[in-house]
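Visitor: I have a structure open and would like to learn how to read it. Where do we begin?

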Amino acid sequence: MADRRPHVVIVVVNLPAERDRRVIRECQGLEAAGYRASVICPRGPRPLTVLPGTAATTILSFPQPLAGKGVLSFAAEFAWALIAVTARLLGLMLRTRVDAVQACNPPDVFWVVGLLMRALGRPFVFDHHDLSPELYECKAGQPRTSVLWMLRLFERLSWRCATAVVSTNESFRELAMNRGGCHPDKVVVVRNGPALAEVHRDRATRAETTAGTADRSTAVEGRDSGSGDGQGSGDGPGSGDPRQKVVYVGVINPQDNVEAAVLAAERLVGLRGTDDWELVVAGDGESMPELRRLAVQRGIEDVVRFTGWLEADEVDELLCSASIAIQPDRPSRMAEMYTMAKTVEYVARGVPVVAVDLLETRRTADSAASYVPTGSPDEFAKAIDQLLSDEHARAAMSVTGRQRFIDELAWDHQVKSYIRLWDRLLRPSPNGYNQVSSGNGADAARLPI
């Protein structure tokens, strides 16, 4: 018997789908709402046919032999991605019914697929993850006018060819309306962030039972000093070190400015010594070798620890043992409009944040963060030093952050907007969508972050 559930195909090409937790959560939400989902993506290290964390979302992967480093190589990579995605999609259409396609950027080339779907009278949704023109300006230093013009054209075509646009925050929604000319009813905000079930430890609850039982335990830390592998400078999330942890979790590329966090650690040594704190940098990226060299050059290896990529449960363990988290992104037009995924992860666990004062960062963290004006190492060091010495301020920030996550930011709230969009485009499933099921993102907690 043919499967009569509406079938949504999601396209993501900047990484394998099993590494994209937003896509995993979207597929889980679709399945819970009575939809069928498939994903077209680059082939990962493992030959998967079903998306981990989902019941039956199929993966149609393709090889990605090209990796862009310059303008021409990026153009070749994106052209190949478009060809590979189109071939996989057409092959799928020959085998089964495809009711709609959702394309996640970057790159902004899938408006071509949008034209195909619109010609067939079927919805095409543009899931807007990144600002490609601004990202190019940030990375290029001296951007070529012709390339910038092309990126803006492709971005506008992606907006205009879409039946609906999914924006990750209000700034992206405003941009779609103002720069893309989209009608407000066409643009829906679906934020990034973990589900309630993905955050395994309630820091506030743990703090009530641990406050006053250890010299360095505080109401905001919720620290279990026995967690981790106890191997000092090992690459695990915890080291059994009783010092308060200042953490950075995320990608480590030039635009992420993690260098400022490492240099802030050097300044912090001068302010309070090395006895009661450490900086833990969790993640990887282009800048990692340079940061390791910088820590050695500055002689701060004893207070700066690099873990590399962590599994999601390891991230949860690290953040639940942290006293402060840092978001070091430089102030820029692009940074003002981004909601950093790491910030939501911090707030979800009630970790007080020190960040540059950016529009979307403030919209996300509100008073759960302490803001600095420019993001210089000196500013970060002074703000971190003050918070490390103020247990009551950290406790208040922790409560605020957790409440914002529970009431507004959790994926449990975002998925409802996402499913309402698909119900509007493809009609409700027979059972409707009345509650968040167990497939709302909890299983993604076992996947790489």
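Guide: We begin with salt bridges. One is counted when a side-chain nitrogen of Lys or Arg lies within 4 Å of a carboxyl oxygen of Asp or Glu. Keep in mind that this is a predicted model.

Visitor: How many salt bridges does that rule give here?

Guide: The count is 27 salt bridges. Take R179 and E134: their closest N and O atoms are 2.7 Å apart. R179 sits in the loop between helix 6 (170–178) and strand 7, while E134 belongs to helix 4 (residues 132–140), so the pair ties together parts 45 residues apart in sequence.

Visitor: Is E134 buried or exposed?

Guide: Buried means under 20% relative accessible area, and exposed means over 50%. E134 has 4%, so it is buried. R179 has 23% and therefore counts as partly exposed.

Visitor: Which residue forms a salt bridge with R298?

Guide: E266 does, with the closest N and O atoms 2.8 Å apart. R298 lies in the loop between helix 9 (288–297) and strand 10 (304–308), and E266 in helix 8 (residues 258–272), so this pair ties together parts 32 residues apart in sequence. R298 is partly exposed at 39% relative accessible area. E266 is partly exposed too, at 24%.

Visitor: Which residues are joined into one network by salt bridges that share partners?

Guide: The network holds R21, R25, E198, D316, E345 and R349. Look at E345 and R21 in it: their closest N and O atoms are 3.5 Å apart. E345 is in helix 12 (residues 341–348) and R21 in helix 1 (residues 21–32), so the pair ties together parts 324 residues apart in sequence. Both residues are buried.

Visitor: Now the sheet. In what order do the strands come?

Guide: Seven strands form an open sheet, ordered 3-2-1-4-5-6-7, with parallel pairing. Strand 3 (58–62) and strand 7 (187–189) are at the edges; each has a single partner strand, so one side of each lacks a neighbour in the sheet. Neighbouring strands are turned by 20° against each other on average, direction ignored.

Visitor: How many bridges join strand 1 to strand 2?

Guide: Five bridges join strand 1 (residues 7–11) to strand 2 (residues 36–42). V11 stands opposite I40 of strand 2.

Visitor: What does helix 2 touch in the sheet?

Guide: Helix 2 (residues 71–95) packs on the sheet and touches strand 1, strand 2, strand 3 and strand 4 (100–104). Its direction makes about 140° with that of strand 3. W80 lies in helix 2. With L66 and I83, W80 forms a nonpolar surface patch of about 260 Å² accessible area together.

Definitions and conventions:
Residues numbered from 1 in each chain as written. Predicted model: local features only at pLDDT ≥ 70, side-chain atom pairs only at ≥ 80, totals over all residues. Heavy atoms only, no water. Pairing = 2+ DSSP bridges. Helix = DSSP H or I, 4+ residues; strand = E, 2+ residues; numbered from the N terminus. Axes fitted to C-alpha atoms, helices over the stretch in contact; angles between N-to-C directions. Contact = heavy atoms within 4.5 Å. Patch = residues over 30% accessible without salt bridge, like charges linked within 9 Å, V, L, I, M, F, W, Y side chains within 5 Å. Areas by Shrake-Rupley, 256 points an atom, 1.4 Å probe, with all protein chains shown as cover. Buried < 20%, exposed > 50% of the residue type's maximum accessible area, 1.4 Å probe, protein only.
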